[in-house]
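Got a model open and want to know what sits behind the labels people put on it? Here are some questions with the reasoning spelled out.

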Amino acid sequence: MSALPGHTSHGTERKIVSWNLLRLVGATPRDVAQLVAEERPDLLLMQEATADFDALPRLIGGHYARSPLPGRIHGVACWSPAPFRRHPVACTLPSGPLVRRVAQMIECSTFGFTVANVHLSHGQIMNRRQLRRLGEILPAHAAVLGDFNLVGPTLMPHFHDVGPRAPTHRMVDMLPIRIDRCMVRGLTCREARVLENYVSDHRPITVRLERSSSHR
């Protein structure tokens, strides 16, 4: 099947959707295909993506890459209707002894900035260490999106939290919290929303980003 036609970005803005799929029991490839049809993003980021999602290019066309977490059946993945500037690569992050973490570094051909797709550790010291590491290696114009597993301020120097403020996850199906986030440097966010989709324990988030004329 060919890539879905068109998208909803305007001018230099780029629309990004990020979603933790809830491995094995949450969203399916067809759920993701439906989300793409509804939202028409320039870039879709996924967390807890298993090998099942390698079928996305057959379902909707486009360009896809997945980076499994070491020793796990799931990892971070991305899809774009347009070619990547270069194939996304996995960057190793500081990690605890149980789950090793990677960030997927993505450069799309028309973006003018780099996107890091993350599923960070649960430890509130470790996930902030991971964000600081990303801040050290990302270029001046960059965004970090995904499941941060983080409560409170990120403490990420020179980056701004521009993601939607509504809850994105229900902890143990009871307490709604905001752990799916978007941090940017050298970018302007024109829109940020939480999407109404409940097939996973996380709701997708969407942002419209563009490169700032001057980097503060």
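Q: Which residue in strand 7 stands opposite Ile 106?
A: That's Val 115. Bear in mind that this is a predicted model.

Q: What makes strand 6 and strand 7 count as paired?
A: Pairing needs at least two bridges between two strands. Strand 6 (residues 102-108) and strand 7 (residues 114-119) have 4 bridges, in the antiparallel sense, so they count as paired.

Q: Where do these strands belong, and why are strand 5 and strand 9 called edge strands?
A: Strands 6 and 7 are part of an open sheet of 6 strands, ordered 5-6-7-8-12-9 with mixed pairing. Strand 5 (84-92) and strand 9 (160-161) each have a single partner strand, so one side of each has no neighbour in the sheet.

Q: Why is the contact of Glu 107 with Arg 85 called a salt bridge?
A: The cut-off is 4 Å from a side-chain nitrogen of Lys or Arg to a carboxyl oxygen of Asp or Glu. Here the N to O distance is 3.6 Å, so the pair qualifies. Glu 107 sits in strand 6 and Arg 85 in strand 5, so the bridge ties together parts 22 residues apart in sequence. The whole structure has 14 salt bridges.

Q: Which strands does helix 3 lie across?
A: Helix 3 (residues 126-137) lies across strands 5, 6, 7, 8 (142-147) and 12 (180-185), and runs at about 35 degrees to strand 6.

Q: What makes strand 3 and strand 13 the edges of the sheet ordered 3-4-2-1-14-13?
A: This one is also open, with 6 strands and mixed pairing. Strand 3 (63-68) and strand 13 (187-194) have a single partner strand each, so one side of each is left without a neighbour. From one strand to the next, the twist averages 20 degrees.

Q: How do you know that strand 1 and strand 2 pair?
A: At least two bridges are required, and 5 join strand 1 (residues 14-20) to strand 2 (residues 43-49), so the pair passes; the two run parallel. Trp 19 has Met 46 in strand 2 as its bridge partner. Helix 1 (residues 29-39) packs on this sheet, touching strand 1, strand 2, strand 4 (75-80) and strand 13, and its direction makes about 155 degrees with that of strand 1.

Q: What lines the largest pocket, and how much space lies in it?
A: About 270 Å³ lies in the largest pocket. Its lining has 20 residues, and the closest to the centre are Glu 48, His 119, His 122, Asp 147 and Asn 149. By class, the lining divides into 7 nonpolar, 8 polar and 5 charged residues.

Q: What about the space and lining of the second largest pocket?
A: It holds about 150 Å³. Of its 12 lining residues, His 169, Arg 170, Tyr 198, Asp 201 and Arg 203 lie nearest the centre. The lining of this second largest pocket splits into 3 nonpolar, 5 polar and 4 charged.

Conventions: Residues are numbered from 1 along each chain as its sequence is written. This is a predicted model: local features need pLDDT of at least 70, side-chain atom pairs count only at pLDDT 80 or more; totals for chains, interfaces and linings use all residues. Side-chain values use heavy atoms; hydrogens and water are left out. On a 1 Å grid over the protein atoms alone, a cavity is a set of points where a 1.4 Å probe fits but cannot get out, and a pocket is an open set with protein on both sides within 12 Å along at least five of seven lines; lining residues have an atom within 4 Å of a point. Grid points are joined across faces, edges and corners, and a volume is the space filled by probe spheres set on the points. Ala, Val, Leu, Ile, Met, Phe, Trp, Tyr, Cys and Pro count as nonpolar, Asp, Glu, Lys and Arg as charged, and the others, Gly among them, as polar. Contact means heavy atoms within 4.5 Å. Axes are lines fitted to C-alpha atoms, for helices over the stretch in contact, and angles run from 0 to 180 degrees between N-to-C directions.
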